[in-house]
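Here's a walk through one protein model, going helix by helix and then into the core and the pocket. Keep the viewer open and follow along.

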Amino acid sequence: MANLYHHPLCPHSRFIRLVLAEFGYDVELIEERSFDRRREFLALNPAGTTPVLQEQAGLVIPGAAPIAEYLDETRGLALGPRRLLPEDPAARVEVRRLMEWFNGKFFDEVSGYLVTQKVYRRFLKGPQGGGAPDMEQVRAARTNIRYHLNYIGYLVATRNWLAGDVITYADLAAAAHLSSVDFLGDVPWAENEMAKDWYARIKSRPSFRTLLADRVPGMTPDPVYADLDF
């Protein structure tokens, strides 16, 4: 069985977990605290970041984007019309653009701040940057998330899913990052019904079940986190 090195609240790890579940590809989940800089993990991915997929034959694929591309190249055709990275070149560009928006821009402006400040810093010692959250960064993330929700609402106002008529990597990336923030109770769902309705659809998919069961020691998820009728 393949291994996926991940952290339960790492948004990029969650994206790949959703992708694997949509493919029906079972892997062994190995929790990795990347901030520990474990030597054996750095040998797999010198960048020291999650996720990392290690195939049973030994091939190591580090990073959310390379893993997503690898899975499409090796297993995408088997999904037929449910392929998560469409065959049409223009459609593929749009999916990749939105993947980069959420895995890059959303992470840099929202989920990266919140997960680092409210989760990772709990497990770090003072010299490593541990301690209480930097509330200036938390407030910035809470402000930034509002225009991202508006953008999601704008997209689904004219499309069935974020990148078009069918669910794609774009939806899974967006939902993964939002789910990490939702765990922490920092998504103002009441501010955009279109974005909320889209998230409710994707949150109800079987692939989301394991994410909704995630827990972090010493932390209680927001009450709406696992509520499908939030």
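What follows covers two helices, the nonpolar core, the largest pocket and a few polar contacts.

Before anything else, bear in mind that this is a predicted model.

**Helix α1**

Let's begin with α1, residues 11-23. With 13 residues at 1.5 Å each, α1 should span 18 Å, and its end C-alpha atoms sit 19 Å apart, which agrees. The helix is mostly covered, with twelve of its 13 residues buried. Among them are the charged or polar names His12, Ser13, Arg14, Arg17 and Glu22, alongside Phe15, Ile16 and Leu18. The cover over the buried residues of α1 includes the strands β1 (3-6) and β2 (28-31), plus α3, α4, α6 and α8. Right after α1 comes glycine 24, with a positive phi near 70°.

**Helix α5**

Now jump to α5, residues 135-156. Its 22 residues at 1.5 Å each should span 32 Å, and the end C-alpha atoms are 32 Å apart, so the two agree. The buried residues of α5 include Val138, Ala141, Ile145, Leu149, Ile152 and Val156, and also Asn144 and His148. Part of what covers the buried residues here is α4 (89-118), α6 (169-183) and α7 (193-203). At the start of α5, a side-chain oxygen of aspartate 134 comes within 3.0 Å of the backbone nitrogen of glutamate 136.

**The nonpolar core**

In soluble globular proteins, nonpolar side chains tend to be buried together. The largest nonpolar core here holds 71 residues, and the members touching the most others are Phe15, Leu71, Leu162, Tyr169, Leu178 and Trp198. At least two core residues come from each of α1, α3 (64-75), α4, α5, α6, α7 and α8 (209-212). The largest share, ten residues, is supplied by α6.

Leucine 162 is a handy one to click on. Beyond four places in sequence, leucine 162 touches Leu98, Phe102, Ile152, Leu155, Val156, Ala170, Asp171, Ala174 and Trp198.

**Two buried polar residues**

Which helix holds glutamine 117? Glutamine 117 is in α4. With a relative accessible area of 6%, under the 20% cut-off, glutamine 117 counts as buried. Leaving out residues up to four places away, glutamine 117 touches Pro133, Asp134, Gln137 and Val138.

Serine 207 sits in the loop between α7 and α8. Serine 207 is buried too, at a relative accessible area of 6%. Setting aside neighbours within four places in sequence, serine 207 is in contact with Leu18, Ala21 and Glu22.

Here are the polar contacts these two side chains make:

| Side chain | Partner | Distance |
|---|---|---|
| glutamine 117 | arginine 121, side chain | 2.8 Å |
| glutamine 117 | aspartate 134, backbone nitrogen | 2.8 Å |
| serine 207 | glutamate 22, side chain | 2.7 Å |

Aspartate 134 turns up twice: its backbone nitrogen is reached by the side chain of glutamine 117, while a side-chain oxygen of aspartate 134 reaches towards glutamate 136. Likewise, glutamate 22 is a buried residue of α1 and the side-chain partner of serine 207.

**The largest pocket**

How much space lies in the largest pocket? About 250 Å³. Its lining has 18 residues, of which Cys10, His12, Thr49, Thr50 and Phe107 are closest to the centre. α1 and α4 each give at least two residues to the lining, and the largest share, five residues, comes from α4.

How values were computed:
Residues numbered from 1 in each chain as written. Predicted model: local features only at pLDDT ≥ 70, side-chain atom pairs only at ≥ 80, totals over all residues. Heavy atoms only, no water. Helix = DSSP H or I, 4+ residues; strand = E, 2+ residues; numbered from the N terminus. Expected span 1.5 Å × (residues − 1). Buried < 20%, exposed > 50% of the residue type's maximum accessible area, 1.4 Å probe, protein only. Contact = heavy atoms within 4.5 Å. Polar contact = N/O pair within 3.5 Å; in protein donor to acceptor, adjacent residues only side chain to side chain. Core = buried A, V, L, I, M, F, W, Y, C linked by side-chain atoms within 4.5 Å. 1 Å grid on protein atoms, 1.4 Å probe; cavity = no way out; pocket = protein on both sides within 12 Å on 5 of 7 lines; lining within 4 Å. Points joined across faces, edges and corners; volume = space filled by probe spheres on them.
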